[in-house]
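This report introduces a protein structure to a reader who has not met it before. The sequence and the model are shown first.

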Amino acid sequence: MIASRRLAAAMSSLALVAGGMVSAAVITAAPALADHCDPAGHPAQGPPSQGGGALAAPIDPRRTVTPRNTASPRNTGAPRDQGVQQDPADPRDPGDRQRPADPQDPRDRQEPGDPANTGDPQDPGNPRNPGSPQNPGDPQNPGDPRDPGRPEGRPSESGQPGDGRRARPTGSPSPSATQDDDCADLGPFVTDFVDIRGVQPGGDLLAGLTSGSRGTFVSRCGTNGNRHNNPDNFIVAPGVSNGAHHLHDYVGNLSTDAFSTDQSLAAAGTTCRFGDRSTYFWPVLRNRKVDANLGDPDGNVGQVLRPRQAIMQFRGNAAGRVSEMPRFLRMITGDAKAATNGGANARAAWTCTGFTDRVTTKYPLCPRGSLVVRVLDFPSCWDGRNTDSANHRTHVVFPGQGGGCPQGTRAIPQLRMILTYSVPQGPSYALDAFPEQLHNPVTDHADFANVMPDRLMSFVVGCVNRGRRC
């Protein structure tokens, strides 16, 4: 009898040890399922904030969790649609002029017959019409070409190696990671979202300039209907595959990847009109309700949402005329690591169609029938000499408070990206991001390299300085 009891106790101990090992394996190695990463599924984190969304406080580097498996090699064989280079049209043809871009005006949708947008309807609908609901089941891009591998050394957005640690913003709730909650430390959180109707109104974000050079030019490039995606960034991490650790959407140049050069970009095809071979790219937005890209080592899980509308607009300067930007000028806007770096370089601006007088740095929760809008403004005061700089910022800076450029710089056309999305209802979508940024919306950012023909750039400057809408 005593021997039986001792045997039973030993077996129980072994079961406990084995159970602990299984639990540990589940916590550290289980793939992150997108539907488990839906912020709405974590009610313990509290209801959405009704404020405008201040910039996130720096993350406490002491709070870390074990990074996910990094051993999977990246698939470098993803197809690239090189297309046939479009013949440049005459930009002086008045039939090609466009009105100012307004994602709420159905006249501004890209034409179905546009070769850059075949089969890609972009009518966001009437934002006030309750009969035009957001479609949570819209499979906008079920094919995600990204293979979740990454090299051992994690380059940062500035091109420097990072330590890959994860942490939580100081103002966020801190649910405990358990075997039943693979995404407790993945983000985003319910507190990263805000009902747009609770944001304080201000000036219209998309209003045009009322002084200086007031014209605009829109380079119509489609919405990445050819699914040109990769996790590279040839500006900040040249020659490094998966250097961004998050997937980018591209429009314009068809060849852009980690190994792009001025020469390769100039020789490639484009999705833009008038032979604009510039490259425009930004981190994708994902539907976190859908299980896709499972097991991604950087935590970028969910179904990629392609924009319903993507407007590449060049604007003027409030203080005066603009001059031509040089070919192969490279620029970035925003800070992909703003959640840990602070808000000095952050430029995130989120809103909803029909509510563009309300701007937030949080993910907006839009009323049914209204679409999510990301607005990404680039710097526009060039030093007159360099097409890039060590930090990719000092050669082109933002205008001052009155719109004038700092001494020693000159105004060039300002690129503004306006990206409009249909997203699932509720706090259930997120940006791709570096893993330690926890998908914080303040990390929104974008990149651009100018590969316009000189004649087209001259036409852009003429439109802007003469107050025309092209």
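The sections below go from the overall composition to individual strands, a pocket and selected residues.

## Overall composition

The structure is a predicted model. Its secondary structure comprises four helices and 20 strands. The protein has 470 residues, and 54% of them are buried.

Contacts across the sequence are also described by a proportion. Of the contacts between residues at least 6 apart in sequence, 80% join residues at least 24 apart.

## A five-stranded open sheet

Strands of a sheet pair through backbone hydrogen bonds, in either a parallel or an antiparallel manner. In this model, five strands form an open sheet in the order 4-10-18-14-12, with antiparallel pairing. The edges are strand 4 and strand 12 (350–352), each of which pairs on one side only. On average, neighbouring strands of this sheet are turned by 25° against each other, direction ignored. Helix 4 (residues 454–465) packs on the sheet and touches strand 4 and strand 10; the direction of helix 4 makes about 140° with that of strand 4.

At one edge, strand 4 and strand 10 (residues 309–315) are joined in the antiparallel sense by four bridges. One of the residues involved is threonine 216, whose bridge partner in strand 10 is arginine 315. Strand 4 (residues 216–219) directs Thr216 and Val218 one way and Phe217 and Ser219 the other way, and all of these residues are buried. At the other edge, strand 12 and strand 14 run antiparallel and are connected by three bridges. Tryptophan 350 has arginine 374 of strand 14 as its bridge partner.

## The largest pocket

What is the volume of the largest pocket? The value is about 440 Å³. Its lining consists of 20 residues, and those nearest the centre are Arg315, Asp377, Phe398, Pro399 and Gln414. Arg315 is also the bridge partner of threonine 216, so named in the account of the sheet above.

By class, the lining holds seven nonpolar, nine polar and four charged residues. Strand 14 (372–377) and strand 18 (414–421) each contribute at least two residues to this lining. Both strands belong to the open sheet, in the order 4-10-18-14-12.

## Strand 20 and its partners

Is strand 20 (residues 445–449) enclosed or open to its surroundings? Five of its five residues are buried, so strand 20 is largely enclosed by the rest of the structure. Both of its faces are covered: His445, Asp447 and Ala449 lie on one side, Ala446 and Phe448 on the other, and all of them are buried.

Strand 20 pairs with strand 7 (residues 279–283) in the antiparallel sense through three bridges. Strand 11 is likewise antiparallel to strand 20, with five bridges between the two. Phenylalanine 448 takes part in both pairings: this residue is the bridge partner of tyrosine 280 and also that of methionine 331.

## Alanine 411 and its surroundings

Alanine 411 is part of strand 17 (residues 410–411). With a relative accessibility of 10%, alanine 411 counts as buried, because the cut-off for that class is under 20%. Which residues does alanine 411 contact, leaving aside its neighbours within four places in sequence? They are Asn317, Arg321, Val322, Ser323, Ser380 and Cys405.

The pair formed with valine 322 spans a stretch of the chain. Alanine 411 and valine 322 are 89 residues apart in sequence, while their C-alpha atoms are 4.9 Å apart in space.

## Backbone features in the loops

Most residues other than glycine have a negative phi, and most peptide bonds are trans. The peptide bond from glycine 187 to proline 188, however, is cis, with omega near 0°. Proline 188 is located in the loop between strand 2 (161–162) and strand 3 (193–195).

Positive phi values occur at arginine 227, where phi is near 55°, and at phenylalanine 328, where phi is about 75°. Arginine 227 lies in the loop between strand 4 and strand 5 (229–230), and is partly exposed, with a relative accessible area of 38%. Phenylalanine 328 is located in the loop between strand 10 and strand 11 (330–334).

Notes. Residues numbered from 1 in each chain as written. Predicted model: local features only at pLDDT ≥ 70, side-chain atom pairs only at ≥ 80, totals over all residues. Heavy atoms only, no water. Buried < 20%, exposed > 50% of the residue type's maximum accessible area, 1.4 Å probe, protein only. Pairing = 2+ DSSP bridges. 1 Å grid on protein atoms, 1.4 Å probe; cavity = no way out; pocket = protein on both sides within 12 Å on 5 of 7 lines; lining within 4 Å. Points joined across faces, edges and corners; volume = space filled by probe spheres on them. Nonpolar A, V, L, I, M, F, W, Y, C, P; charged D, E, K, R; others polar. Axes fitted to C-alpha atoms, helices over the stretch in contact; angles between N-to-C directions. Contact = heavy atoms within 4.5 Å.
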